[in-house]
Amino acid sequence: MGDSFKIAKRCGSTFICVNELANYCIDRGFKAHNMHIGGGHVFSFGRVKFTIAHHGSKTPDNQYVGEPAGFILTIKNKNIYYTGDTGLFYDMKLIGEMHPVDFMLVPIGDNFTMGIPDAVKAIEFVNPKLVIPMHYNTWPVINADPYEFKKKAEGKGINCRVLNFGEEIEL
Amino acid sequence: MGDSFKIAKRCGSTFICVNELANYCIDRGFKAHNMHIGGGHVFSFGRVKFTIAHHGSKTPDNQYVGEPAGFILTIKNKNIYYTGDTGLFYDMKLIGEMHPVDFMLVPIGDNFTMGIPDAVKAIEFVNPKLVIPMHYNTWPVINADPYEFKKKAEGKGINCRVLNFGEEIEL
Amino acid sequence: MGDSFKIAKRCGSTFICVNELANYCIDRGFKAHNMHIGGGHVFSFGRVKFTIAHHGSKTPDNQYVGEPAGFILTIKNKNIYYTGDTGLFYDMKLIGEMHPVDFMLVPIGDNFTMGIPDAVKAIEFVNPKLVIPMHYNTWPVINADPYEFKKKAEGKGINCRVLNFGEEIEL
């Protein structure tokens with residue numbers, strides 16, 4: 001959950017989550033929109049559709065809050081695919097076919113998620129216009145070289161942008 | 001769970017569920033046959049095989065009861081594929097190849113499950129002889145037009161039957 | 001969990017598990033290396049990579065401990081793919097493509113996991129050099145004939161070795 005409850009309290013945010021996690025937020029006094037994997041909904045800011053992820057999902061107080069998920073965020077006809085923490089899976093190809101992806105965020109850190117070889121396969125499946133690697137170098141166990149990934153992505157004809165900590169990008 | 005405990009108490013039913021949910025039922029004094037995804041078993045009424053579903057699964061008293069699942073029910077050489085609440089996934093194609101499907105029930109309501117475009121892809125994968133849409137119009141957030149789905153299904157050469165509330169069908 | 005806690009106490013073992021299960025072990029005073037599906041890590045004895053499995057996962061004291069998983073164990077350039085308890089799924093094909101599999105252990109007992117027809121499809125997807133069937137004949141509900149599986153595997157050109165209870169094999 002990280003700092004999300006603190007931010008939500010300050011901003012009065014609505015959580016958009018899979019059903020069990022949304023109920024967890026509601027039970028703690030927050031606003032939420034309950035959804036689930038494969039489901040999409042149009043909000044004021046754009047469309048959110050939850051996607052399959054293969055990982056786990058548990059709260060700091062040890063509760064199951066539904067299956068893990070990624071999402072596709074559609075804003076002004078651009079599709080952003082945030083895979084979530086996940087291993088590689090073949091349905092990514094289907095996700096890319098059903099929703100041509102402009103921007104994709106993909107984990108490369110290994111150990112908890114895909115490492116670089118699987119992430120390269122993932123972008124071959126999805127074929128995004130631009131990929132941004134994530135989920136690496138936070139701890140030693142997920143050390144990975146984003147520039148090695150960038151080189152391999154570009155070798156497959158896919159643009160890659162490595163972001164520095166705190167750096168912003170206009171999509 | 002809905003009204004299933006009430007019905008089971010009245011009828012002395014046996015729950016056929018994934019292992020964790022079956023144990024949950026047994027712990028509450030009910031009979032159950034424990035199974036799991038990909039596993040099949042022949043009962044007096046026919047064969048049940050549990051299938052992959054991408055969704056969540058939690059009881060009203062907040063317990064994890066195993067992964068969500070759909071099932072294939074085989075009676076008199078007819079295969080009925082009930083997908084369960086789920087997003088679209090590519091293994092549906094494999095399910096259809098391993099078990100030619102006569103009747104398929106597929107969600108179309110979006111938000112919590114597949115919406116119409118993904119449900120049309122699902123029936124292309126499975127290629128059932130007849131499809132019945134489900135899981136729509138219960139709440140505003142899952143409003144969907146079953147006749148729009150029917151038209152698109154028939155455009156793919158797949159028969160579709162829209163059932164009214166309470167309507168029965170002989171398969 | 002079976003006898004794993006007893007063995008770990010005696011041997012001072014480290015559990016290598018998906019994150020939630022690893023934390024469960026750590027909370028009970030054991031050593032663990034936390035990983036997750038799709039993630040790999042090099043240990044002193046070889047490399048472990050967790051793979052997708054479609055099943056459930058709960059501890060004897062009723063706690064959710066993350067998604068179920070299989071793994072690929074790489075020792076001396078040999079890949080051993082232990083599918084875990086699971087139904088058949090199409091990503092097995094991808095697993096076999098990303099990691100040419102020397103030895104595969106696959107369930108054949110049905111009811112809780114794949115039965116023989118799906119296990120035959122699984123080995124067609126993975127194409128291991130040798131397959132060993134597992135997870136059968138422990139209880140009547142998972143009775144299956146490993147020699148029927150062996151015959152079908154060999155019919156697909158895949159070597160199969162049926163192990164007796166307690167028998168060891170040098171890979």
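Modeller: A salt bridge here is a side-chain nitrogen of Lys or Arg within 4 Å of a carboxyl oxygen of Asp or Glu. The model is a predicted one.

Colleague: What makes the pair B:D110 and A:R47 a salt bridge?

Modeller: The N to O distance between the side chains of B:D110 and A:R47 is 3.1 Å. The limit is 4 Å, and the pair is an Asp with an Arg, so the term applies.

Colleague: How many salt bridges are counted between chain A and chain B?

Modeller: The count for chain A and chain B is two. By residue type, the side of chain A that touches chain B has seven nonpolar, ten polar and five charged residues.

Colleague: What makes A:K49 and B:D118 a salt bridge?

Modeller: Their closest N and O atoms are 2.5 Å apart. That value lies within 4 Å, and the partners are a Lys and an Asp, so this pair also meets the rule. A:K49 belongs to strand β4 of chain A and B:D118 to helix α4 (residues 116-126) of chain B, so the salt bridge joins two chains.

Colleague: How do you know whether A:K49 is buried or exposed?

Modeller: Its relative accessibility is 8%. Buried means under 20%, so A:K49 counts as buried. The partner B:D118, with a relative accessible area of 6%, is buried because it falls under that cut-off too.

Colleague: What is found for C:D118 and B:K49?

Modeller: C:D118 forms a salt bridge with B:K49, and the closest N and O atoms are 2.5 Å apart. Between chain C and chain B the count is two salt bridges. The side of chain C that touches chain B consists of ten nonpolar, ten polar and five charged residues.

Colleague: Which parts of the chain does the pair C:K129 and C:D102 link?

Modeller: The side chains of C:K129 and C:D102 meet in a salt bridge, 3.0 Å from N to O. This pair links distant parts of the chain, 27 residues apart: C:K129 is in the loop between α4 (116-126) and β8 (130-134) of chain C, and C:D102 is in the loop between α3 (91-98) and β7 (103-107) of chain C.

Colleague: Why is C:K129 classed as it is, buried or exposed?

Modeller: C:K129 has 56% relative accessibility, and exposed means over 50%, so C:K129 counts as exposed. C:D102, at a relative accessible area of 7%, is under 20% and therefore buried.

Colleague: Where do C:K152 and C:E148 lie?

Modeller: Both are in helix α5 (residues 146-155) of chain C, four residues apart, which is about one turn of the helix. Their side chains meet in a salt bridge of 3.0 Å, N to O.

Colleague: Why is C:K152 called partly exposed?

Modeller: Its relative accessible area is 39%, between the limits of 20% and 50%, so the middle class applies. C:E148 is partly exposed because its value of 35% also falls between those limits.

Colleague: How many salt bridges does a search of the whole structure find?

Modeller: Over all chains, the search finds 30.

Colleague: How many residues make the contact between chain A and chain B?

Modeller: Chain A contributes 22 residues and chain B 25. The residues of chain A that lose the most area to chain B are A:Y64, A:L94 and A:M98, together 27% of what that side buries. The area buried between the two chains is about 1900 Å², with 55% given by carbon and sulfur atoms.

Colleague: Which residues of chain C lose the most area to chain B?

Modeller: The area buried between chain C and chain B is about 1800 Å², and carbon and sulfur atoms give 55% of it. In chain C, the residues that lose the most are C:H54, C:K58 and C:N111, together 28% of what that side buries. This interface has 14 residue pairs in polar contact, both residues at pLDDT 80 or more.

Colleague: What makes the relation of chain C to chain B that of a three-fold axis?

Modeller: Chain C is superposed on chain B by a rotation of 120 degrees with 0.0 Å of shift along the axis, at an RMSD of 0.0 Å. That is why the relation is that of a three-fold axis. In chain C, the C-alpha nearest the axis belongs to C:Y64, at 3.6 Å.

Colleague: What shows that the copies use different surfaces?

Modeller: Of the contact residues of chain C, 16% recur in chain B.

Definitions and conventions:
Residues numbered from 1 in each chain as written. Chains lettered and ligands numbered in written order. Predicted model: local features only at pLDDT ≥ 70, side-chain atom pairs only at ≥ 80, totals over all residues. Heavy atoms only, no water. Buried area = accessible area lost by both parts, 1.4 Å probe. Polar contact = N/O pair within 3.5 Å; in protein donor to acceptor, adjacent residues only side chain to side chain. Nonpolar A, V, L, I, M, F, W, Y, C, P; charged D, E, K, R; others polar. Least-squares fit on C-alpha atoms with pLDDT ≥ 70 in both. Contact = heavy atoms within 4.5 Å. Buried < 20%, exposed > 50% of the residue type's maximum accessible area, 1.4 Å probe, protein only.
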